[in-house]
Protein chains: 4
Amino acid sequence: MTEIRQPIRYGMVGGGLGGFIGGVHRIAAAMDGEFRLVAGALSSNPEVAHASACQLGLPADRSYADYRRMAAVESEREDGMQAVVIVTPNHLHAEQAKAFLAAGIHVICDKPLTATLDQALELYRVAKRSDRIFAVTYCYTGYPMVREARQRIRDGEIGALRLIDVEYPQGWLATALEETGDKKASWRTDPLQSGPGGCVADIGTHAYHMARFVSGDAVESVSAQLTRFSPGRRVDDDVQARLRFAGGAQGMLWASQVAVGHENGLKFRIYGESGSLEWVQADPTYLWKSTLDGPRQLLTRAGAGVGNGSLRHCRTAAGHPEGYLEAFATIYTEAAEWIRAGEATAENLCPGIEDGLEGMRFIDACIASSNQDGAWTDLG
Amino acid sequence: MTEIRQPIRYGMVGGGLGGFIGGVHRIAAAMDGEFRLVAGALSSNPEVAHASACQLGLPADRSYADYRRMAAVESEREDGMQAVVIVTPNHLHAEQAKAFLAAGIHVICDKPLTATLDQALELYRVAKRSDRIFAVTYCYTGYPMVREARQRIRDGEIGALRLIDVEYPQGWLATALEETGDKKASWRTDPLQSGPGGCVADIGTHAYHMARFVSGDAVESVSAQLTRFSPGRRVDDDVQARLRFAGGAQGMLWASQVAVGHENGLKFRIYGESGSLEWVQADPTYLWKSTLDGPRQLLTRAGAGVGNGSLRHCRTAAGHPEGYLEAFATIYTEAAEWIRAGEATAENLCPGIEDGLEGMRFIDACIASSNQDGAWTDLG
Amino acid sequence: MTEIRQPIRYGMVGGGLGGFIGGVHRIAAAMDGEFRLVAGALSSNPEVAHASACQLGLPADRSYADYRRMAAVESEREDGMQAVVIVTPNHLHAEQAKAFLAAGIHVICDKPLTATLDQALELYRVAKRSDRIFAVTYCYTGYPMVREARQRIRDGEIGALRLIDVEYPQGWLATALEETGDKKASWRTDPLQSGPGGCVADIGTHAYHMARFVSGDAVESVSAQLTRFSPGRRVDDDVQARLRFAGGAQGMLWASQVAVGHENGLKFRIYGESGSLEWVQADPTYLWKSTLDGPRQLLTRAGAGVGNGSLRHCRTAAGHPEGYLEAFATIYTEAAEWIRAGEATAENLCPGIEDGLEGMRFIDACIASSNQDGAWTDLG
Amino acid sequence: MTEIRQPIRYGMVGGGLGGFIGGVHRIAAAMDGEFRLVAGALSSNPEVAHASACQLGLPADRSYADYRRMAAVESEREDGMQAVVIVTPNHLHAEQAKAFLAAGIHVICDKPLTATLDQALELYRVAKRSDRIFAVTYCYTGYPMVREARQRIRDGEIGALRLIDVEYPQGWLATALEETGDKKASWRTDPLQSGPGGCVADIGTHAYHMARFVSGDAVESVSAQLTRFSPGRRVDDDVQARLRFAGGAQGMLWASQVAVGHENGLKFRIYGESGSLEWVQADPTYLWKSTLDGPRQLLTRAGAGVGNGSLRHCRTAAGHPEGYLEAFATIYTEAAEWIRAGEATAENLCPGIEDGLEGMRFIDACIASSNQDGAWTDLG
């Protein structure tokens with residue numbers, strides 16, 4: 001008899017009403033039926049926390065004003081949460097994650113891992129001593145055509161890599177939005193909450209992780225220039241970096257939050273000795289492939305000619321666009337597989353704490369390099 | 001105190017494992033937390049029905065081998081299903097829907113409404129006598145930028161309409177796929193299951209509904225040409241039609257299943273006296289707007305300049321693509337609002353049985369016109 | 001010793017300053033060094049004619065107030081014009097062309113051939129009795145990627161043709177521009193000058209010729225609907241037609257001058273049993289190719305994988321865009337080859353008077369069909 | 001009485017049959033009727049020179065085996081050449097240009113100006129002492145929409161500039177093409193002919209000039225990384241640079257000849273405090289404009305909303321694509337205006353020897369910076 005697969009019970013820290021990313025995580029977690037929300041410490045403001053829990057259908061006794069209490073109580077319940085989703089500002093991640101790990105609860109944490117590299121290193125040590133899984137939601141790697149690109153590069157389809165170009169321009173911080181009371185802008189530009197990196201931490205790490213994920217190659221050192229274009233801004237809002245990959249490839253990375261006209265322009269172009277691949281997050285259905293001697297090819301999600309590396313992450317037939325929520329859901333579904341399996345597998349590409357820590361090293365190296373006028377700096 | 005909103009309990013008829021559209025409906029129903037699957041008659045094959053129910057986490061006693069029994073049993077349970085989702089071949093819709101209406105259960109039915117116009121007329125009469133809601137999942141109208149286009153046209157932004165061009169090319173039936181045992185192709189090309197219309201019913205009705213939905217104008221008559229390009233095919237695989245709208249606009253409609261290279265190319269272009277709008281389902285983020293005397297504008301989902309007509313249907317910020325499943329989920333969420341409200345509202349654009357019936361009239365008129373070499377035929 | 005190839009000496013009728021198409025013809029004729037302007041009857045207004053000739057560097061004695069005198073004088077000069085380029089309104093083409101043919105001068109005439117089918121038939125008879133060449137500048141077929149498409153279809157690359165879709169939307173006549181004194185609009189909407197067809201003649205014939213040229217197939221009959229959207233307009237400004245091709249393919253043709261947002265949107269999509277091709281005049285570098293089972297391919301002018309059918313018409317390397325003037329120049333260069341060879345060759349695809357006459361039959365059939373509510377009408 | 005404007009008589013050095021760029025210059029020079037080829041020293045190989053002259057219709061006595069003799073003889077003829085067009089490998093430019101300047105003949109020289117900065121400085125001194133004009137054919141700035149962008153930036157339409165991103169990827173040197181005997185590849189990768197810069201000189205200077213031209217801002221210093229990806233290549237085939245502009249903007253420049261899949265991908269994106277502009281050479285009709293708070297706008301050549309800064313350089317109406325040859329012709333026509341006026345004017349944007357010299361300084365600074373691991377280097 002087929003066993004019924006029960007969803008993993010999870011609680012959420014942060015993500016109360018009015019925010020953006022909490023709802024995204026909840027839809028992503030629910031999409032494939034792998035997770036069910038059972039508890040929440042949804043806001044540091046108790047009223048917001050309660051109202052949010054109500055609206056989400058949580059029973060009153062599982063809406064917590066304090067995440068520590070949630071960890072304590074839920075770990076004692078027979079039907080308690082098995083995993084926590086952390087969607088708070090960066091500077092809170094480390095303490096929160098440690099509390100849940102200590103309570104024997106799996107952690108799914110938004111990026112960047114922490115506010116500072118020191119926090120990240122400490123959290124990393126704690127997590128490695130734990131037998132719980134620790135996922136970091138670099139969500140963009142969940143797109144099927146990102147998986148397709150990664151697989152083709154691993155298969156040698158474009159030859160040894162030469163150039164890895166990744167960019168992530170946004171325009172929403174072109175003006176001093178943080179001075180208008182905008183909540184999302186305020187914490188992201190406050191070094192106490194976001195850490196010393198602004199743009200480099202918020203989206204630069206996404207771009208960095210994407211370059212690493214798709215290329216499969218390690219980064220040895222970085223030369224970076226961080227800029228604060230908006231007068232009075234307390235953190236960088238633009239980062240331009242060169243990367244040296246272990247395999248000899250050159251990397252170009254640009255992330256910006258003052259690039260007027262871009263909504264969320266994550267993009268990569270990867271050039272090998274015999275071909276290239278290009279993907280743009282805003283139009284995630286498409287993967288362009290070029291070769292040395294034929295016309296360009298436009299590969300489409302679930303379309304003709306794509307491989308199992310992407311097909312197994314598709315929910316709909318070709319021509320029925322999947323988007324950001326679906327990509328995010330794939331990360332969640334892989335986290336679920338990881339939790340159920342109890343250990344990482346080669347096929348499961350869910351980002352973990354190593355990826356989170358590496359992102360923090362990237363931020364740190366960029367800041368150090370920029371402070372020395374772009375001097376090449378090892379990632380450590 | 002805020003009341004907790006409980007999901008609507010639903011059962012599904014059809015949609016067993018191995019199919020495509022059942023899973024789509026389930027994800028769409030679950031996405032906004034408005035529906036919960038509690039019962040199923042998931043296949044006419046009892047083994048498939050049971051295995052499917054198991055995998056979906058349904059308890060054994062709510063997996064039914066027969067939809068009539070499901071209607072009877074569930075309508076007696078206190079926690080019984082409140083709505084049914086019908087995702088079977090067209091010729092089964094009418095009887096199934098009537099059984100659930102008779103049991104006092106709301107109906108959400110895939111398109112086209114039925115296999116024949118007679119079935120549709122009969123079902124329509126039954127549904128109108130019922131106090132249950134009847135939704136038909138013309139899912140493509142759930143896209144935010146389709147809503148944006150509709151609202152702008154209603155607001156007079158492009159002036160009186162002149163040309164309404166809608167096309168829906170696919171290529172998957174370019175060869176005689178139905179002769180290879182492909183299940184999806186087989187029933188769609190079998191007049192006993194699909195009805196007398198092939199392409200015109202399967203996707204022509206989507207295109208027709210889109211033209212009607214966005215323009216807000218009624219169609220008076222049609223001149224159509226149906227073709228069977230694939231040798232031996234028993235239904236049309238291509239339809240070209242001209243439409244005469246009540247407001248004076250001319251319509252052009254083309255749907256095809258032999259247009260090699262198209263995956264699912266639903267698209268509209270609507271031209272008014274002072275502007276035009278263009279949208280393509282494969283890239284649903286974008287709505288092109290043209291005016292008499294300025295540059296073209298590229299409106300984006302949740303982006304700068306869009307109105308509440310689309311914004312209220314967005315789940316994510318601009319630049320985070322939403323796709324087919326989200327559009328479909330919007331139809332479900334509107335169906336939920338409709339069920340909760342007990343009656344239709346002006347703001348709720350969920351397609352109903354009138355739309356389903358009109359689609360059947362369109363199929364009928366196209367076939368009649370084509371049989372008379374394209375003679376103009378009233379929709380009746 | 002290599003012989004020096006001298007440019008062909010030509011005179012122009014019409015094309016004075018202030019117009020558009022005269023300058024286009026002059027640049028196109030000069031681009032490959034195959035033609036040199038030596039005489040002109042550039043305007044029916046003698047002052048404009050003289051001023052235009054001056055600016056173009058023509059000596060005073062070769063600027064004529066009257067085209068008949070130009071034909072007479074030039075045909076007597078040893079260094080007289082060898083060819084005439086006719087760029088006047090449609091109703092003047094026939095008499096002017098006949099005068100030059102009678103004087104033994106080759107004719108290069110803008111499209112449509114004449115204002116009426118009767119004029120065209122008469123001119124055709126005269127031209128066929130002459131030993132001079134008669135080219136009609138359906139310029140869009142000069143684009144390299146149009147040639148590439150034609151060659152691939154002839155080579156069977158997409159199989160037997162099923163659907164031939166061609167459209168040519170423009171928006172410049174969306175308002176009653178002819179009532180504002182706009183010269184270009186005025187004659188094109190005046191039946192005495194343009195003939196009974198408006199949009200169908202001005203750009204519908206381009207679209208028709210393109211469908212014929214690329215497919216290589218003959219059209220047997222047409223079902224058309226002509227509309228005058230702009231109140232008070234004296235000719236059609238929109239045409240929608242179905243075409244029946246001799247080889248069994250179905251044609252869809254739409255041309256419009258009230259489609260706001262389109263500048264000059266000539267486009268074709270051709271679907272065969274095993275593939276399809278798509279080309280858009282506004283982005284003429286690209287030819288999309290689809291097959292039954294692989295990703296779409298983006299062929300580029302002079303790029304990887306293209307054949308000699310297009311390469312021999314390229315002036316620049318891939319990535320250096322060629323445009324409308326280059327396409328037009330190719331027609332001129334083929335006209336020059338034709339003149340030098342004294343007879344048509346299989347490789348020379350310059351449109352001739354047969355194409356011009358067929359365009360007039362197309363206009364006539366569309367009007368007749370439209371007057372009978374879209375009845376299928378033979379092209380005759 | 002209107003004076004007849006005679007074309008400027010020019011001779012060409014280099015550009016014999018079999019090459020690419022000579023023909024491009026000849027078409028560009030002829031397109032607007034401003035130049036006429038009267039003499040040539042078309043190849044250093046006398047047979048090729050003669051055969052080329054024959055085919056181009058030059059009389060035997062004006063085909064020269066030696067450019068010095070051409071300068072001497074032509075400067076004595078009453079109908080002698082007034083300008084020389086130099087299209088030889090870089091290392092020959094300086095001596096050739098000086099010879100013609102000494103003979104009182106205007107110079108139109110292909111880019112980069114010379115092979116070395118020393119040659120450039122010396123040539124610059126000579127040219128400044130001469131009263132002849134000296135144009136350098138940075139042809140890409142002749143595109144109408146590049147002019148449109150420049151004008152809009154000058155008008156403050158996007159505010160103070162922040163980011164100037166320019167890239168110029170090509171893929172044709174991804175393999176060791178120079179080892180196959182390919183002539184174009186051979187001299188470009190030979191430091192004796194091209195100078196110490198490879199990619200940085202051949203196309204990096206185009207990208208640099210474009211950034212300067214459109215932004216109107218000066219570059220103070222550069223941090224560059226030059227790479228030789230192809231094993232055994234003697235010059236760089238990829239350059240990545242950061243630029244510091246005098247006005248505070250940050251520049252990003254990438255040029256590559258090993259970026260498989262790119263034909264000729266020159267592109268710029270310029271971000272100001274209140275808007276941005278984007279243009280791609282392969283699709284030169286379009287200029288994207290973004291603002292802080294509205295939808296993106298797609299400006300088109302000669303289309304709605306464009307200004308005189310681009311309109312006066314258009315030869316055809318909107319929707320009739322102009323390309324590379326037309327852009328090149330605009331540079332020639334401005335050179336003609338310059339020659340006729342005898343001095344530069346504010347409206348005439350033809351690049352001159354200052355631009356050529358600055359390009360050489362850019363190459364030099366990039367090489368110096370790259371040799372010091374990307375140290376910031378003044379342009380001098």
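**Exercise 1. Strand pairing around β9(A)**

In this predicted model, find how many bridges join β6 of chain A to β9(A), and in which sense the two strands run. Then do the same for β8 of chain A and β9(A).

*Solution.*
Step 1. Start with β6, residues 161-169 of chain A. Seven bridges join β6 to β9(A), and the two strands run parallel.
Step 2. Fix the register with one pair. A:Tyr168 stands opposite A:Ala255 of β9(A).
Step 3. Turn to β8, residues 238-245 of chain A. β8 pairs with β9(A) over seven bridges, in the antiparallel sense.
Step 4. Check one pair here too. A:Gln240 has A:Trp254 of β9(A) as its bridge partner.
Step 5. Look at the turn. The hairpin of β8(A) and β9(A) has four residues between the strands. There, A:Gly248 takes a positive phi near 100 degrees.

**Exercise 2. Burial of β9(A)**

Decide how many of the residues of β9 in chain A are buried. Then sort them by face.

*Solution.*
Step 1. Take the cut-off: buried means under 20% relative accessible area.
Step 2. Apply the cut-off to residues 250-256 of chain A. Seven of the seven residues in this strand are buried.
Step 3. Recall the geometry. In a regular strand, side chains alternate between the two faces of the sheet.
Step 4. Assign the residues. One side carries A:Gln250, A:Met252, A:Trp254 and A:Ser256. The other side carries A:Gly251, A:Leu253 and A:Ala255.
Step 5. Conclude. Both faces of β9(A) are covered.

**Exercise 3. The interface of chain B and chain C**

Describe the contact between chain B and chain C: residues, buried area and polar links.

*Solution.*
Step 1. Count residues. 43 residues of chain B are in contact with 42 residues of chain C.
Step 2. Take the area. The two chains bury about 3,200 Å² between them, 50% of it on carbon and sulfur atoms.
Step 3. Find the main contributors in chain B. B:Arg162, B:Arg242 and B:Val260 lose the most area to chain C. Together they make up 23% of what that side buries.
Step 4. Look for charge pairs. Four salt bridges cross the interface of chain B and chain C. The side chains of C:Arg269 and B:Glu167 form a salt bridge, at 2.7 Å from N to O.
Step 5. Add the polar contacts. There are 16 residue pairs in polar contact between chain B and chain C, with both residues at pLDDT 80 or more.
Step 6. Place the chain B side on its elements. Those that give two or more residues are β6, β7, β8, β9, β10, β11 and β12 of chain B.
Step 7. Sort that side by class. It has 14 nonpolar, 19 polar and 10 charged residues.

**Exercise 4. Backbone exceptions**

Locate the cis peptide bonds before B:Pro112 and D:Pro112. Then locate the positive phi values at B:Asp373 and D:Ala302.

*Solution.*
Step 1. In chain B, the bond from B:Lys111 to B:Pro112 is cis, with omega near -15 degrees. B:Pro112 sits in the loop between β4 (106-109) and α5 (117-129) of chain B.
Step 2. In chain D, a cis bond joins D:Lys111 and D:Pro112, with omega about -10 degrees. The loop between β4 (106-109) and α5 (117-129) of chain D holds D:Pro112.
Step 3. B:Asp373 is not a glycine, yet its phi is positive, about 60 degrees. B:Asp373 lies in the loop between α12 (353-371) and β14 (377-378) of chain B. It is partly exposed, at 45% relative accessible area.
Step 4. D:Ala302, also not a glycine, has a positive phi of about 65 degrees. Its place is the loop between β13 (296-300) and α10 (308-311) of chain D.

Conventions
Residues numbered from 1 in each chain as written. Chains lettered and ligands numbered in written order. Predicted model: local features only at pLDDT ≥ 70, side-chain atom pairs only at ≥ 80, totals over all residues. Heavy atoms only, no water. Contact = heavy atoms within 4.5 Å. Buried area = accessible area lost by both parts, 1.4 Å probe. Polar contact = N/O pair within 3.5 Å; in protein donor to acceptor, adjacent residues only side chain to side chain. Nonpolar A, V, L, I, M, F, W, Y, C, P; charged D, E, K, R; others polar. Buried < 20%, exposed > 50% of the residue type's maximum accessible area, 1.4 Å probe, protein only. Pairing = 2+ DSSP bridges.
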